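Reader: I am new to this structure and would like a close look at a single part of it, the place where helices pack against one another. Please take me through that part slowly, and then show me how it connects to what surrounds it.

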Amino acid sequence: MRILLLGADGFLGRHAADALRELPGATVLTGGRRAAHDLPVDLATAQADVLAEQLRQLAVDAVVNFAGAVAGSAVKLAEVNARGPAVLCEALREGAPQARLVHIGSAGEYGACENGTSLSESAQPRPVGVYGATKLAGSLAVAGSALDAVVLRVFNPVGPGAPAGSLPGRLAAELRRAGPDGVVEVGDLSAYRDFVDARDIARAVALAVAADGPLPRVINLAGGVARPVRAIADGLVAAAAFAGRIDESGAGSERSAAVSWQQADISLAARELGWKPETDLGDTLRDLWLSTGPDPVAA
């Protein structure tokens, strides 16, 4: 099986590459903006006809799309998150119509839900910002296509290599900068989120690629339990043996203010993929801390 992994240089893409290479008979090709990739491409600017020919020449059996943007101008977010998947679908329809497309969506597409409830795939998406709206547009392009396609709607990913732009990655870096007795300033950590280990996500991606027969158009990937964002700070503090102070008086996330609670119903992933999260959040945060050290430990 020839699998093209787009967004292979990113946090989740790197973990997915490891899981995909473990599939029996898999050949993993990578795609991204760097010239060193098997398919150098930027979906924000790619032309569908050119990309279709490239996909035809690569003879891919499956495409996994992690390419996306979480920050930037509205134009950038729209180009990458909305236009990109639409162009990819058109190119696959022309160049590799038999290939399965596994597209990575986001819990930001849902927006808020009522405290104490879980979001199933049938919930009406109500994104609260440009990021969520553009991710939803991309997911709709995939789900509405005639391809063999599935959107894996990922909730809050965390794990080794988490980027500095994410709260876990930023907090780990700040704890290391502050030292064991320092002060780390963050925003309000009282919102509830559904965290899932990046390696569990990677395992689900591999299962989706290898699944027999068509899959539902959207499948949630999450831990299935809403936890206060403060749990991320607590876990990293424990992993770092930090004896200083976490100050929550800093500027907070606008999205946290607008979305105070998110929790996923992950029963469809269990039924269709045989998947459930396996990594304890404490272990995830320990591995994240070790991966950010002066002598990083691979996990």
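Author:
**Helix packing and the sheets beside it**

Where helix α5 meets helix α7, Pro-168, Leu-171, Ala-172 and Leu-175 in α5 are in contact with Ile-232, Ala-233, Leu-236 and Val-237 in α7. Sorted by class, the residues of this contact comprise eight nonpolar, no polar and no charged. The model is a predicted one, and everything described here should be read with that in mind. Helix α5 spans residues 167-178, and its axis comes within 10 Å of the axis of α7, the two crossing at roughly 40°. That crossing of α5 and α7 is right-handed.

Helix α7, residues 230-240, also packs with helix α10, and here the axes are 9 Å apart and the angle is about 60°. An angle counts as oblique when it falls neither under 35 degrees, nor over 145, nor between 65 and 115, and α7 and α10 are therefore oblique to each other. As α7 passes α10, the crossing is right-handed. On the α7 side the contact is made by Ala-231, Ile-232, Gly-235, Leu-236, Ala-239 and Ala-240, while α10 contributes Leu-281, Leu-285, Arg-286, Leu-288 and Trp-289. By class, this contact of α7 with α10 holds nine nonpolar residues, one polar and one charged. Ile-232 and Leu-236 of α7 take part in the contact with α10, and these two residues of α7 also meet α5.

From α10 the path leads on to a sheet, for this helix, residues 281-291, lies across β7, β9 and β11 and runs at about 55° to β7. Those strands form an open sheet of three in the order β7-β9-β11, with mixed pairing. Its edge strands are β7 (156-158) and β11 (226-228), each of which pairs on one side only. From one strand to the next, the twist averages 60°. Within this sheet, β7 pairs with β9, residues 192-197, in the parallel sense over three bridges, and Asn-156 has Phe-195 in β9 as its bridge partner. Helix α6 packs on this sheet as well, touching β7 and β9, and its direction makes about 65° with that of β9.

Helix α6, residues 198-210, in turn lies across β1, β4, β5, β6 and β10, running at about 150° to β5. Inside α6, Arg-203 and Asp-200 are three residues apart, about one turn of the helix, and their side chains meet in a salt bridge with an N to O distance of 2.9 Å. The structure holds 13 salt bridges.

The strands crossed by α6, namely β1, β4, β5, β6 and β10, belong to an open sheet of seven strands with parallel pairing, ordered β3-β2-β1-β4-β5-β6-β10. At its edges stand β3 (39-40) and β10 (218-221), each pairing on one side only. Strand β1, residues 2-6, runs parallel to β4, residues 62-65, and four bridges join the two; there Leu-4 stands opposite Val-63 in β4. Another helix, α4, residues 130-143, lies across β5 (100-106) and β6 (148-154), and runs at about 160° to β5.

Returning to the starting point, α7 meets α5 through residues that are all nonpolar by class, and it meets α10 in a contact that includes one polar and one charged residue.

Definitions and conventions. Residues numbered from 1 in each chain as written. Predicted model: local features only at pLDDT ≥ 70, side-chain atom pairs only at ≥ 80, totals over all residues. Heavy atoms only, no water. Pairing = 2+ DSSP bridges. Contact = heavy atoms within 4.5 Å. Axes fitted to C-alpha atoms, helices over the stretch in contact; angles between N-to-C directions. Left-handed = near helix turned anticlockwise from the far one by under 90°. Nonpolar A, V, L, I, M, F, W, Y, C, P; charged D, E, K, R; others polar. Salt bridge = Lys/Arg side-chain N within 4 Å of Asp/Glu carboxyl O.
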